[in-house]
Amino acid sequence: MGLFDRLAGKPAELTPKSALVLSAITIIAADGVIEESEINDLAKIVRGDRKSIDVAMQVLKANQFPAVIDLVAQKLDEKQKIATLAILSDIAMADGVLAGEEKAVLQMYMDKFKISEETMKPIIEAIAIKNDFSVFN
């Protein structure tokens, strides 16, 4: 134990929900632009749970990206991983464009979660349809 370790406080412990929030923050920040629609999506995820945001931010500050992907993966079960990828994909497509950085981060989560393209294909297709507002023009 270092001299100042007692002053640092207890490290933040991820829960499945704060792990989801952490992953969402990494997707939102991936392209360097934070859109209002992405912030609205994050608000839907947390549903007023400020503690999940605080824990996610503490973990993000204490760990560098992409190491946080490992931490997220450790906290989620198989069903939660698939749901997380669906939510992250929807957030990434919220502005109608999947930027290269967002795509790369999504692929990193998919690889770390060991979720196949076959599993994700119908989810991605549904999200693409949902976010294609050109059909209404």
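Helix α2 has plenty of cover: its buried residues (under 20% relative accessible area, with over 50% counted as exposed and anything in between as partly exposed, using a 1.4 Å probe and protein chains only) are in contact (heavy atoms within 4.5 Å) with elements that include α3, α4 (50-62), α5, α6 and α7. The model here is a predicted one, where local features need pLDDT of at least 70 and side-chain atom pairs count only at pLDDT 80 or more, while totals for chains, interfaces and linings use all residues. Residues are numbered from 1 along each chain as its sequence is written, and side-chain values use heavy atoms, leaving out hydrogens and water. Helices (H or I, at least four residues) and strands (E, at least two) are DSSP runs, numbered from the N terminus.

Back to α2. Of its 15 residues, 12 are buried, so the helix is largely enclosed by the rest of the structure. Among the buried ones are S18, L20, L22, I25, I27 and A30. The length works out too: at 1.5 Å a residue (times one less than the number of residues), α2 should span 21 Å, and its end C-alpha atoms are indeed 21 Å apart. Just past the helix, G32 takes a positive phi of about 80°.

The loop between α2 and α3 also holds D31. This residue is buried yet has no salt bridge (a side-chain nitrogen of Lys or Arg within 4 Å of a carboxyl oxygen of Asp or Glu), and the nearest side chain of opposite charge (Lys and Arg count as positive, Asp and Glu as negative, with His and the chain ends not counted) is K103, 15 Å away. Setting aside neighbours within four places in sequence, D31 is in contact with E38, D95, A99, E101 and E102.

E102 turns up again in helix α7, where the buried residues are E102, V105, L106, Y109, M110 and F113. They cover an arc of only 140° around the axis (taken from the directions from the helix axis to the C-beta atoms), which puts them on the same side of α7. On the other side, G100 and K103 are exposed. The buried residues pack against α2 (16-30), α3 (36-46), α5 (67-75), α6 (78-92) and α8 (117-130). For its 14 residues (100-113), α7 should span 20 Å, and its end C-alpha atoms are 20 Å apart, which agrees. Right after α7, K114 takes a positive phi of about 60°.

Next come the charged pairs. Side chains of opposite charge can pair when their charged atoms come close. The structure holds 6 salt bridges. One of them joins K75 and E13 (2.8 Å, N to O); K75 lies in helix α5 and E13 in the loop between α1 (5-8) and α2, so the pair ties together parts that are 62 residues apart in sequence. K75 is partly exposed at 30% relative accessibility, whereas E13 is exposed at 55%.

D49 and K17 form another salt bridge (3.4 Å, N to O). This one links D49 in the loop between α3 and α4 with K17 in helix α2, 32 residues apart. D49 is partly exposed at 24% relative accessibility, and K17 is partly exposed at 31%. R50 and D54 also meet in a salt bridge (3.0 Å, N to O), but these two are 4 residues apart in helix α4, separated by about one helical turn.
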